[in-house]
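Please open the model in your viewer and keep the sequence beside it, so that each selection can be followed in both. The tour moves from one stop to the next, with a selection to make at each.

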Amino acid sequence: MIRSLRQLLELTGPVERRSLGLLVLCSVIAIGAGFFLVSPKTAEALISHGGYYYMLALFALFVFYAQRVGLKRREVWRQWLRRPGWAGLGLALATACVIWIDPFKHKILFDEYVLQGTAFHMHATKEVGTVVRAYDIAGTWLPIDTFLDKRPYFFPFLVSLLHDLTGYRLQNIFALNVALTPLFLGLVYWLARVLTGRRGPALLAVALLATMPLLGQQATGAGMELHNLTMLALVMALGVLYLRAPDGDRLALFVLGAALLSQSRYESVIFVVPTAFIAIAGWLRVRRLVLSWPVILAPLLLVPYVWHNRVLSAKPMLWQLRAGETSRFSTIYLEGNLESAWRFFFNRSVELANSWYLSALGAAGVIWVLVKAWRWARDPARPPLGESAAVLIAFGGAITGNLIMVMFYYWSRFDDVMASRFALPTCLLFALLAALVVRGLDELRVPATRIAGFGLAAWMLICCFPAISRRPYTDQNLVMLEVNWEHDIVAARPGPVLLLTNNSTIPFVLWRIPTLLVGIGAMRGEQISYHLKEGTFKEVLIAQALRPTTAQGNLGVDPEDVLPASFKIETIAQKRFGGRWLRISRLIAIEPEPVSEGEKPPGAATPTVASLL
């Protein structure tokens, strides 16, 4: 490729050379601005105040080029929409299966609430931040305290658009994931169809993913994993379209999609690499440089991602490391992560939301592709790769690199129900490779597609349905049960109620319930007492964890949730969640602390709402 690219550069004219020079200049500026010219503190302010408008401009530009490319192919997609045929029926059934697998609930705590909190703030203020404290002041639910979360903000941005169009509702995030489900499955079908040239293997790829419990749990949750998968499949499809007829509009759409993909998950920036390879491959096909202005500016579009990553690197508190851990990535995590990945992909019990059948066919597809690649490399003629094959190789390599990278991450044990979602890009690759291997065996007169279909039906009856009935994200999510129990009790009280919780405040902020952490509330006794007297809150509820304190199993308040002796409370509810007890009490009074003469100056300021915060 390097020799061909050198020959291509020798043939370029002055206009193309000027465009290439501008691309190099933008790359240099992007490196300087991203890594050297801006401090993490400044980068945090720039993202907080300008990130929404950056995302709005990037998304609007993507939609603009999507419209231009789509209008040129209207006869293709219009005909398919009018007569979807068996493929349309299969996609409809697959979508229904995915949505049926799991109830609509929050699955990953507190990640999903953080995403919703970010979306709420982007909707209300057009700034990027996650609300952790808010109060009803004169009829306005006013965010008081926010922070810049570590998660990319493209998905919250889309949720905020739904809020703008339909009004703020917690359910909007579920509606977005439901809408993404048929789009993702349709993209998988299209990719598998262009790879194999047959409808049967393409529908098999869709069915393999649709019957995996993990996908259903993400489609009915409030996380960003399905959005990330959809963007990955979309960018791959755009890469195929670009290679079929390389031009400025298709390349711009492809590159803008990759920029949006980099803002879908932390590690998705890795897919910028195969995007660059496919872009160059398109140049070599048409023997000229194709450089529209969005492509020239593409390096600058990645600068906000670099800033965000630097902010995260500068704040170890956001890493959420466990006790004794000092680094996010290390070789010490590799062995355990590899063992857990093997257990997840090939687990045959109902404990995990995996599909060993998908993994087995995907592994067979890996072997098939490696054999084909070895034969192709030994062929003196070396026939040119097709568009879909080139995209599969480029992005398949990036997905493999992504899998290798997360194996060094501290929280990548795929057999942990909270971390299994990190395996989804690999599952997408397995589905496409499974379609390839059954198509290849079909050409050898082995009815592989039919056999794989019968095997899938048997797997569903024996493994899939029992696994679905377990629902590990929902039925075994004890923290979620705790939060819902607290919410039910608070919502049933005549408000307004101030809640002191030992869980995150973010869910209650989204429910518009004034909330403080127990530790913060313990230091605000005077202010809480003042607002109770003034009627700001009708009552104060306190949630505290309990643990055994004697050999006989007597329960006492967890030391982290202990309140000062001046807080007089009475228990109103108590419940056990797994091995943990939770108690909710009502504040009766806060006795004044003894104050020595001269300790508090005359005319001290009266507590206000702001002082409570």
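What covers the buried residues of α2? The model you are looking at is a predicted one, and in it the cover over the buried residues of α2 includes α14 (293-296), α15 (298-301) and α16 (303-313).

**Stop 1: helix α2 and its nonpolar patch**

Select residues 14-35 to bring up α2, a helix of 22 residues that reaches 32 Å from its first C-alpha to its last, close to the 32 Å expected at 1.5 Å a residue. Within this selection, colour Glu16, Ser19, Leu23, Cys26, Ala30, Gly32, Ala33 and Gly34, which are the buried residues of the helix.

Next, add Leu22, Leu25, Ile29, Trp293, Leu297 and Leu300 and show the surface, where these residues make a nonpolar patch of about 530 Å². The largest share of that patch, three residues, is contributed by α2. Trp293, another member of the patch, belongs to helix α14, and it counts as partly exposed because its relative accessibility is 49%.

**Stop 2: salt bridges**

Side chains of opposite charge can pair when their charged atoms come close. How many salt bridges does a search of the whole structure find? The search finds 18, and a few of them are worth selecting one by one.

Begin with Glu44 and Lys315, whose closest N and O atoms are 2.8 Å apart in a salt bridge. This pair links distant parts of the chain, since Glu44 is in helix α3 (residues 40-72) while Lys315 is in the loop between α16 and α17 (334-345), 271 residues apart. Lys315 has a relative accessible area of 29%, so it is classed as partly exposed.

Move on to Glu225 and Arg421, where the side chains form a salt bridge with an N to O distance of 3.0 Å. Because Glu225 lies in helix α11 (residues 225-244) and Arg421 in the loop between α19 (387-406) and α20 (424-443), the pair ties together parts that are 196 residues apart in sequence. Are these two residues buried or exposed? Both Glu225 and Arg421 are buried.

Then select Glu570 and Arg586, a salt bridge in which the closest N and O atoms are 2.5 Å apart. Glu570 is in strand β7 (residues 567-577) and Arg586 in strand β8 (residues 580-590), so this pair ties together parts that are 16 residues apart in sequence. Glu570 is partly exposed, with a relative accessible area of 33%, and Arg586 is also partly exposed, at 25%.

To finish this stop, select Asp111, Asp149, Arg151, Glu225, Arg265, Glu267 and Arg421 together, which salt bridges with shared partners join into one network.

**Stop 3: helix α5**

Select residues 85-100 for α5, which has 16 residues and reaches 23 Å from its first C-alpha to its last, close to the 22 Å expected at 1.5 Å a residue. Its buried residues are Ala87, Gly88, Leu91, Ala94, Thr95, Cys97 and Val98. Which helices do the buried residues of α5 pack against? They pack against α4 (74-82), α8 (172-196), α9 (199-210) and α10 (213-219), so displaying these four around α5 shows the surroundings of its buried residues.

**Stop 4: aromatic rings**

A pair of aromatic rings is described by the distance of the centres and the angle of the planes. The count for this structure comes to 27 aromatic pairs. One of them is Phe104 with Phe174, an edge-to-face pair at 6.3 Å centre to centre with 85 degrees between the planes. Phe104 lies in the loop between α5 and α6 (111-125) and Phe174 in helix α8, so the pair ties together parts that are 70 residues apart in sequence. Phe104 counts as partly exposed at 42% relative accessibility, whereas Phe174 is buried, with a relative accessible area of 11%.

Select Phe508 and Trp511 next for another edge-to-face pair, with 5.5 Å centre to centre and 75 degrees between the planes. Phe508 counts as buried, at 0% relative accessibility. Then select Tyr52, Tyr53, Phe59, Phe154 and Phe157, which form one aromatic cluster.

**Last stop: Arg169**

Centre the view on Arg169, in the loop between α7 (154-166) and α8. Arg169 counts as partly exposed at 41% relative accessibility. From its C-alpha to that of Leu510 the distance is 9.3 Å, although Arg169 and Leu510 are 341 residues apart in sequence.

Conventions. Residues numbered from 1 in each chain as written. Predicted model: local features only at pLDDT ≥ 70, side-chain atom pairs only at ≥ 80, totals over all residues. Heavy atoms only, no water. Helix = DSSP H or I, 4+ residues; strand = E, 2+ residues; numbered from the N terminus. Expected span 1.5 Å × (residues − 1). Buried < 20%, exposed > 50% of the residue type's maximum accessible area, 1.4 Å probe, protein only. Contact = heavy atoms within 4.5 Å. Patch = residues over 30% accessible without salt bridge, like charges linked within 9 Å, V, L, I, M, F, W, Y side chains within 5 Å. Areas by Shrake-Rupley, 256 points an atom, 1.4 Å probe, with all protein chains shown as cover. Salt bridge = Lys/Arg side-chain N within 4 Å of Asp/Glu carboxyl O. Phe/Tyr/Trp six-rings, centres within 6.5 Å; stacked < 30°, edge-to-face > 60°.
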